[in-house]
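Got the viewer open and a hand on the selection tool? Let's take a walk through some side chains.

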Amino acid sequence: MRAQFVVSEIGVGLRRNLTMTFAVIVSVALSLALFGGSLLMSDQVNNMKGYWYDKVNVSVFLCNKSDAESDPNCAKGAVTEDQKKQIMSDLDEMAVVEKVTYESQDEAYKHYKEQFGDSPLASSLTPDQMQESYRIKLKDPEKYQVIATAFDGRDGVQSVQDQKGILDNLFGLLNGMNWAARAVMALMLVVALMLIVNTVRVSAFSRRRETGIMRLVGASGFYIQAPFIMEAAVAGLIGGGVACGFLVIARYFIIDHGLALSEKLNLVNFIGWDAVLTKLPLILATSLLMPALAAFFALRKYLKV
C-alpha cells in the first residue's frame, strides 16, 4: 500500500509540474549527452594517439651538395660514405631503435613527385637536390629526443625531424575542443541541478497541506520525502535515456552512416560501438543519482520534516 501511494504521488507530482519536468528532462539530456560525448572524445583522441604514434618515424636528413653551399649545418660539405656508415652503425646499436630504412636521393625525388607533382616547384627540382635520409621507427615514440641528441649537429647531418611534433599539434587542438565541450557540459549540469531544485521546491510547496497532514499522522521523514526524490530521479532517468539515444544516433549517423566518416576518413581509426555501449550505464546511473541527491538536499532545506 505504501509503495502504491509513493508511485501515485510521483505521477501526481510529474503532472502538476509538467513544464518544469520537461525542462529538467531536456537539460539533463543535453548535459549528459555532452558528458558522454566528452568521454568518447577522450577515447577517440587516445585511440588516435595509440594508432598514429605507433606509425611515426624520426627522419635523419643528410647533407647534399646544395646544402653545403647554403645551410650552416652542412658547412663541412655533403655527407660522405664513411659518415653514412658510421650513422647507420650507431643507429643499429641504439636500444630505442626498432627499424631503420634508408631513402636515397632518387627515392626521395620519386616520393616528392608522387606527393607534390602538381606544385610549380616540382618541375624545377632534380634528384641531386633531394636529401638522403634514414627513416627510423622507434620502439617508443616518446624517445625521439634520444635520436635528436645523438645526431643533431653531427657532421653530414642536415637535420633530425620528428613527425610526432606535427601530431602533437593536432592532438592539442582535439584536447582543447574536448575541454571546451566539458566546460559547456559543466554549465549545463549546473543549469540542470538548479532546475531540479526549483522543481522540487515548487512541488513541495504545492503539496504542503498533504505533507503537513502526513507529519501529523506520524509519517516518517523519508516516507514524506520519497515521492519528491523519486519524481526528480524519474525525470532525470528519462533525460539520461534521451542522452543515451543521442549518443547512439550520433555514432550511427556520423561515423557509420549519413556522414559516414569511417569510409571518407580511412586514415582515422574511429572508436567502435564497444566504447559507446560501455558509457551508457554510467550516463544512466548519473542521470538517476544526480537528480535524486539534488532533490534530497533541497528537501532537507526547504521541506521541514
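The stops below go from salt bridges to aromatic rings. One thing to keep in mind as you click: this is a predicted model.

**Stop 1: Asp 90.** Start in helix H4, residues 81-93, and select Asp 90. With a relative accessibility of 18%, under the 20% cut-off, Asp 90 counts as buried. Now show what surrounds Asp 90: setting aside neighbours within four places in sequence, its contacts are Phe 151 and Arg 154. Arg 154 is the one to zoom in on, since Asp 90 forms a salt bridge with Arg 154, with the closest N and O atoms 2.7 Å apart. Arg 154 sits in the loop between H6 and S4 while Asp 90 is in helix H4, so this pair ties together parts that are 64 residues apart in sequence. Unlike its buried partner, Arg 154 is partly exposed, at 26% relative accessibility.

**Stop 2: Asp 155 and Lys 76.** How many salt bridges does a search of the whole structure find? There are 7 salt bridges. For another of them, select Asp 155 and Lys 76, where the closest N and O atoms are 3.5 Å apart. Asp 155 belongs to the loop between helix H6 (144-151) and strand S4 (157-162), and Lys 76 to the loop between helix H3 (65-70) and H4, so the bridge ties together parts 79 residues apart in sequence. Turn on the surface here: Asp 155 is partly exposed at 34%, and Lys 76 is exposed at 71%.

**Stop 3: Glu 132 and Lys 84.** Next, pick Glu 132 and Lys 84, a salt bridge with its closest N and O atoms 2.8 Å apart. Glu 132 is in the loop between helix H5 (105-116) and strand S3 (133-138), Lys 84 is in helix H4, and so the pair links parts that are 48 residues apart in sequence. Both Glu 132 and Lys 84 are buried. Add Glu 81 to your selection, and you have a network of salt bridges linking Glu 81, Lys 84 and Glu 132.

**Stop 4: rings.** The whole structure holds 3 aromatic pairs. One of them is Tyr 252 with Phe 253: the ring centres are 5.0 Å apart and the planes lie at 85°, so the pair is edge-to-face. Phe 296 and Phe 297 are edge-to-face too, because their planes are at 75°, with centres 5.3 Å apart.

**Stop 5: charges over rings.** Finish with Trp 179, where the charged end of Arg 182 sits over the ring, 4.5 Å from its centre. Then select Trp 273 and find Arg 251 over its face, 5.0 Å from the ring centre.

How values were computed
Residues are numbered from 1 along each chain as its sequence is written. This is a predicted model: local features need pLDDT of at least 70, side-chain atom pairs count only at pLDDT 80 or more; totals for chains, interfaces and linings use all residues. Side-chain values use heavy atoms; hydrogens and water are left out. Helices (H or I, at least four residues) and strands (E, at least two) are DSSP runs, numbered from the N terminus. Buried means under 20% relative accessible area, exposed over 50%, partly exposed in between (1.4 Å probe, protein chains only). Contact means heavy atoms within 4.5 Å. Rings of Phe, Tyr and Trp (its six-membered ring) pair if their centres lie within 6.5 Å; planes under 30 degrees apart count as stacked, over 60 as edge-to-face and the rest as tilted. A charge sits over a ring if NZ of Lys or CZ of Arg is within 6 Å of the ring centre and within 35 degrees of the ring normal. A salt bridge is a side-chain nitrogen of Lys or Arg within 4 Å of a carboxyl oxygen of Asp or Glu.
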